[in-house]
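This report takes up a few features of helix packing, strand pairing and aromatic contact, one after another. Please look at the sequence and the model first.

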Amino acid sequence: MPVHMSESSHGSRGKSVGLGLALASALAFGGSGVAAKPLIEAGLDPLHVVWLRVVAAALVMLPVAWRHRALPRRRPALLAGFGLLAVAGVQACYFAAISRIPVGVALLVEYLGPAFVLGWVRFVQRRPVTRAAALGVVLAVGGLACVVEVWSGLSFDALGLLLALGAACCQAGYFVLADHGSASGDQAPDPLGVIAYGLLVGTAVLTAVARPWTMEWSVLARTVDMDGSPVAAGLLLTWIVLVTTVVAYATGVLSVRRLSPQVAGVVACLEAVIATVLAWFLLGEHLSAPQIIGGAVVLAGAFIAQSSAPAKSSPEPVARGGTERELSARGTAP
């Protein structure tokens with residue numbers, strides 16, 4: 001009995017840490033738009049901002065890549081997939097989508113990613129998901145529709161919609177790949193190493209897409225306007241690189257390892273709420289009543305999803321992460 005209680009307590013702590021990491025990741029990712037918008041309004045192309053973000057983050061993570069230099073030989077497919085989907089794919093598809101359809105619509109479609117994760121877990125991996133997790137996804141997507149006020153700018157563009165769906169698929173790939181190998185114990189690929197090499201792969205892909213040699217480099221040496229206040233462009237870029245990329249990816253991948261792809265994905269929907277709130281305070285973009293209500297609905301969906309771990313007596317493996325998965329395996333071992 002004491003051993004059981006100890007394991008249960010350990011699993012609860014692991015889940016609490018995972019939830020904290022997922023919230024930190026959503027907060028970090030949510031701050032990217034607020035910092036990037038003044039740079040874009042000052043003359044930088046959105047795709048160039050993404051390129052700067054990924055390249056600089058890759059340089060920061062170079063020592064980590066060197067430390068885990070054996071990783072490309074051990075997990076080349078994982079690193080290539082993470083770089084193509086989680087780094088380059090999400091960014092490129094999203095920014096291409098918003099050039100054709102409203103930002104709110106593109107954002108809502110992209111955050112169908114957690115629903116795609118549930119579909120992957122249930123129908124491809126054939127692992128059960130709880131009704132609470134599915135309900136959390138439905139609530140989160142519905143709340144996001146209110147947060148981005150999707151009804152204010154609906155227009156149908158087939159290519160734009162496909163690009164946004166591509167971003168959603170890449171986002172789902174991010175959560176699935178972040179969980180890859182988490183049940184392998186000491187043999188699991190180091191998450192920071194995966195991020196470091198993913199950023200290097202993303203740098204190579206985005207360099208070909210963004211064509212940085214056409215960038216307005218002079219913008220980075222000036223101050224830019226943030227809701228009437230002058231801010232150094234270099235300071236905003238530093239925030240984008242260190243916080244909204246390095247910290248955001250690191251905490252995001254670690255959260256998936258401790259929770260599960262579908263639960264971490266629903267919690268990540270808070271990114272849109274956080275981005276909207278930060279824009280309210282820092283850019284003067286005020287929230288409407290439907291946006292506030294939608295934010296509350298997203299919070300409710302995230303809470304329901306993260307609290308949806310099935311009972312330990314479940315006879316089948318479930319999509320859950322870190323310590324809980326390891327304890328479940330121990331409990332069913334002969």
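In which hand, left-handed or right-handed, does helix 8 pass helix 9? In this predicted model, helix 8 passes helix 9 in a left-handed crossing. The two axes, that of helix 8 (residues 113-124) and that of helix 9 (residues 131-147), come within 9 Å and cross at roughly 155 degrees; because angles over 145 degrees count as roughly antiparallel, helix 8 and helix 9 are described as roughly antiparallel to each other. On the side of helix 8 the contact is made by Pro114, Ala115 and Leu118, which meet Ala133, Ala134 and Val137 of helix 9. By class, the residues of this contact of helix 8 with helix 9 are 6 nonpolar, with no polar and no charged ones.

A second helix pair involves helix 3 (residues 46-60) and helix 12 (residues 233-258), whose axes come within 9 Å and cross at roughly 70 degrees. That angle makes helix 3 roughly perpendicular to helix 12, and helix 3 passes helix 12 in a right-handed crossing. From helix 3, Val49, Leu52, Arg53, Ala56, Ala57 and Val60 take part, and they meet Leu237, Ile240, Val241, Leu242, Thr244, Thr245 and Val246 in helix 12. The contact of helix 3 with helix 12 divides by class into 10 nonpolar, 2 polar and 1 charged residues.

The crossings of the two helix pairs can be set out together.

| Helix pair | Axes come within | Crossing angle |
|---|---|---|
| Helix 8 and helix 9 | 9 Å | roughly 155 degrees |
| Helix 3 and helix 12 | 9 Å | roughly 70 degrees |

Helix 3 also carries a residue of an aromatic pair. The structure holds 6 aromatic pairs, and in one of them the rings of Trp51 and Trp217 have their centres 6.1 Å apart and their planes at 90 degrees, so that this pair is edge-to-face. The pair links distant parts of the chain, since Trp51 lies in helix 3 while Trp217 lies in the loop between helix 11 (191-210) and strand 1, 166 residues apart.

The strands remain to be described. Strand 1 (residues 223-226) pairs with strand 2 (residues 229-232) in the antiparallel sense, over 4 bridges, and within this pairing Val224 stands opposite Val231 in strand 2. The hairpin that strand 1 and strand 2 form has 2 residues between the strands, and in this hairpin Asp227 takes a positive phi near 55 degrees.

Note on methods
Residues are numbered from 1 along each chain as its sequence is written. This is a predicted model: local features need pLDDT of at least 70, side-chain atom pairs count only at pLDDT 80 or more; totals for chains, interfaces and linings use all residues. Side-chain values use heavy atoms; hydrogens and water are left out. Axes are lines fitted to C-alpha atoms, for helices over the stretch in contact, and angles run from 0 to 180 degrees between N-to-C directions. Angles under 35 degrees count as roughly parallel, over 145 as roughly antiparallel, 65 to 115 as roughly perpendicular and the rest as oblique. A crossing is left-handed if the near helix is turned anticlockwise from the far one by less than a right angle, and right-handed if clockwise. Contact means heavy atoms within 4.5 Å. Ala, Val, Leu, Ile, Met, Phe, Trp, Tyr, Cys and Pro count as nonpolar, Asp, Glu, Lys and Arg as charged, and the others, Gly among them, as polar. Two strands pair if DSSP finds at least two bridges between them. Rings of Phe, Tyr and Trp (its six-membered ring) pair if their centres lie within 6.5 Å; planes under 30 degrees apart count as stacked, over 60 as edge-to-face and the rest as tilted.
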